[in-house]
Amino acid sequence: MSLIASGPPYQFAACSTNRIMLEVIFACIPGITITTWFFGWGTLINITLACVMALALEAGMLALRGRAPVQHLRDNSALVTAVLLGIALPSISAWWMIALATVFAIVIAKHLYGGLGQNVFNPAMCGYVFLLITFPLHMSGWHAPGGDEYNPLGLHSLYLSLQMTFPFLAGGAESYRELADGLAMATPLLDPGSAAGNAINRALEGNLNLFSPGAETGYEMISMGYLAGGLFLLFRNIISWHIPASILVTVAALAVVFYNPDDPGIYGTPWLHLFGTPTMLGAFFIATDPVSAATTPRGKLLYGVIIGCCIYSIRSWGAYPDSVAFAILFGNFCASFIERVTVPTVYGSRGRQIK
Amino acid sequence: MSDMTLHVKRPSGASLVLRHNVVLIMLLGLTPVLAVSHSMVTAAALGLITLLVTVLACTTVSILRALITRRWRLAGFLFITAVYTTAAGILLQISHYPLFQALGIYLPLICCNSAILFRMEICAFRSRPGPALLDALAAGFGFFLVISVFGSLRELFSTGAILADLRLLVPGSQTESVGAISILEPSQNFMFINLQPGAFICLGLLVALANVLLPKRRKDTGNHKPTSEHLRVRVTQRH
């Protein structure tokens with residue numbers, strides 16, 4: 001009889017990094033589908049380009065760092081970064097903007113910090129913020145939702161999106177600029193009329209079809225899609241409820257406190273802050289990044305409250321159109337300090353010990 | 001000379017310009033490099049003033065080294081550097097007041113530039129004025145070179161032009177712009193590089209580039225034993 005001595009753990013979790021990342025990508029599908037339904041092919045083109053570049057860069061960086069590229073590429077973390085980046089960037093971004101953001105995310109924010117597990121900041125948000133402060137003008141134009149003039153899912157719309165991504169297809173800078181002006185609009189957060197409203201309610205009252213591309217319910221339906229994806233992640237135990245719940249409660253509470261019924265255009269309605277903005281995407285998909293978020297339960301709550309406060313205050317009083325990326329980067333920055341003050345008490349010890 | 005210095009092969013002479021560059025390899029005096037390098041002209045001007053102050057102060061320290069006691073040498077070094085820095089500031093106010101204003105606090109701060117203190121400690125305090133002058137010239141020129149190149153790169157990528165502040169170099173208070181050279185399309189400017197985090201990231205990339213490009217330091221031949229007093233002068237991890 002031979003005794004095999006092996007060290008713990010004796011039970012292995014069925015979920016590997018690879019599987020978690022795949023499920024996160026899977027959970028993004030409703031949001032991405034609704035985005036494509038309302039706004040055309042741009043987001044899909046963004047995601048495809050970002051995925052190809054991210055995989056190539058990840059493989060290159062892994063090879064430079066002396067790791068086995070194939071083995072480490074299989075953890076799919078670069079794919080998640082690329083998908084989130086593709087969702088976050090405006091769908092009319094040119095290819096070189098996507099390339100710059102991907103390089104910044106994968107090379108600087110991820111591998112220069114030591115690769116997966118060592119990155120202090122969420123790579124996708126680093127890439128996004130890098131573009132936002134480098135090219136504020138390019139980053140503030142958003143695709144107008146489809147209408148009577150064209151069908152966002154049609155071939156013509158695909159051709160227009162491809163022209164926006166690859167400006168050389170448009171034939172000259174002048175026609176490119178005209179095309180961009182035709183397709184882009186300012187973010188709805190800057191427009192007090194739509195800031196006050198609740199497009200889904202309006203559509204329901206007017207007996208409009210929620211999913212008709214001209215109904216302008218697009219932004220809110222996308223948030224619903226990400227909410228559904230986030231609930232799926234919660235249900236699958238991939239994320240815990242602490243971070244999304246504390247972010248959403250904080251944002252909602254602040255929005256209720258500052259809500260001005262006479263003139264909702266100033267700070268917007270609580271509904272707008274939760275559903276008219278990327279808050280859902282940030283709360284469920286980005287802030288919960290297992291590497292850069294806080295890890296202890298109380299720490300997660302505190303982390304969510306900090307991000308929620310930042311989301312609301314930067315959005316309402318800051319200079320940039322939206323704030324989720326800045327808020328999450330600030331939360332990432334705070335995470336290591338949060339962990340120091342929220343160390344769980346070791347069983348058997350007397351009182352809390354902070355070193 | 002103490003026993004300690006016999007074991008140390010000190011980087012000196014021409015190798016200080018690139019191979020043992022105070023900024024890229026020793027990572028000293030980074031504050032001015034980060035702070036004034038958003039424009040090529042201010043960067044080069046500060047680099048030049050630092051070069052002058054380094055040469056004069058190091059030579060003075062070398063001449064006066066018999067008068068400075070070992071225990072109080074840092075105070076002596078700082079005092080001598082501060083004298084030259086103050087003189088440079090006053091002279092600059094007379095002839096180039098706008099440039100003086102553009103440099104702001106970083107001009108007086110030359111007097112506590114760690115790169116200068118480092119050359120005084122390593123070389124000027126221990127050698128005759130001739131070698132001390134050459135050493136300071138090489139170190140200061142290395143600083144000048146890096147800050148100018150860094151400043152022009154940052155200005156080029158953030159505004160698409162270089163030498164936009166050339167008017168600051170004209171004596172008196174010139175307000176008209178002279179001699180800016182536009183190179184890149186202004187629509188593709190990299191605002192990020194002009195901002196503070198951009199400065200840090202660019203400097204990091206420049207240091208990485210220097211680590212790749214500059215010839216590796218020769219390995220110690222092993223004919224001296226490192227002692228506990230072994231003076232460590234390199235802060236990067238290259239061996």
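## Around Leu302 of chain A

Leaving aside residues up to four places away in sequence, A:Leu302 touches A:Ala294, A:Ile338 and A:Thr342. This is a predicted model, so take what follows as a tour of a prediction.

A:Leu302 sits in helix α17 of chain A, which covers residues 297-317. Is A:Leu302 buried or exposed? It has 22 C-beta neighbours inside 10 Å, and 20 or more are needed, so A:Leu302 counts as buried. A:Gly331 is 29 residues apart from A:Leu302 along the chain, yet their C-alpha atoms are separated by 9.5 Å.

## Two helices that cross in chain A

Packed helices can be described by the angle between their axes and the distance between those axes. Here's a pair to try that on: helix α5 (residues 95-111) and helix α6 (residues 123-134), both in chain A, have axes that come within 8 Å and cross at roughly 130°. That makes α5(A) and α6(A) oblique to each other, because 130° falls between the perpendicular range, 65 to 115, and the antiparallel range, over 145. The crossing of α5(A) past α6(A) is right-handed.

Which residues meet at this crossing? From α5(A) come A:Met97, A:Leu100, A:Ala101, A:Thr102, A:Phe104, A:Ala105, A:Ile106, A:Ala109 and A:Lys110. Facing them from α6(A) are A:Pro123, A:Ala124, A:Cys126, A:Gly127, A:Tyr128, A:Phe130 and A:Leu131. By type, the residues of this contact split into 13 nonpolar, 2 polar and 1 charged.

## Helix α3 of chain B

Over in chain B, helix α3 runs through residues 73-95. How far should its 23 residues span? At 1.5 Å a residue the answer is 33 Å, and the end C-alpha atoms are 33 Å apart, which agrees.

Some of α3(B) is tucked away: B:Phe77, B:Ile80, B:Thr81, B:Tyr84, B:Thr85 and B:Ala88 are buried. In an α-helix, with 3.6 residues a turn, residues three or four places apart point the same way. The buried residues of α3(B) pack against two other helices of chain B, α2 (40-63) and α5 (114-122).

## Two residues with positive phi

A:Asn237 isn't a glycine, but its phi is positive, near 60°. You'll find A:Asn237 in the loop between α13 (218-235) and α14 (242-258) of chain A. With 9 other C-beta atoms within 10 Å, where 12 or fewer is the cut-off, A:Asn237 is exposed.

B:Leu27 is another non-glycine residue with a positive phi, near 55°. B:Leu27 lies in the segment before α1 (30-35) of chain B. Since 17 other C-beta atoms are within 10 Å, B:Leu27 is partly exposed.

Conventions
Residues are numbered from 1 along each chain as its sequence is written. Chains are lettered from A and ligands numbered from 1 in the order in which they are written. This is a predicted model: local features need pLDDT of at least 70, side-chain atom pairs count only at pLDDT 80 or more; totals for chains, interfaces and linings use all residues. Axes are lines fitted to C-alpha atoms, for helices over the stretch in contact, and angles run from 0 to 180 degrees between N-to-C directions. Helices (H or I, at least four residues) and strands (E, at least two) are DSSP runs, numbered from the N terminus. Angles under 35 degrees count as roughly parallel, over 145 as roughly antiparallel, 65 to 115 as roughly perpendicular and the rest as oblique. A crossing is left-handed if the near helix is turned anticlockwise from the far one by less than a right angle, and right-handed if clockwise. Two residues are in contact if their C-beta atoms, placed from the backbone, lie within 7 Å. Ala, Val, Leu, Ile, Met, Phe, Trp, Tyr, Cys and Pro count as nonpolar, Asp, Glu, Lys and Arg as charged, and the others, Gly among them, as polar. The expected span of a helix is 1.5 Å times one less than its number of residues.
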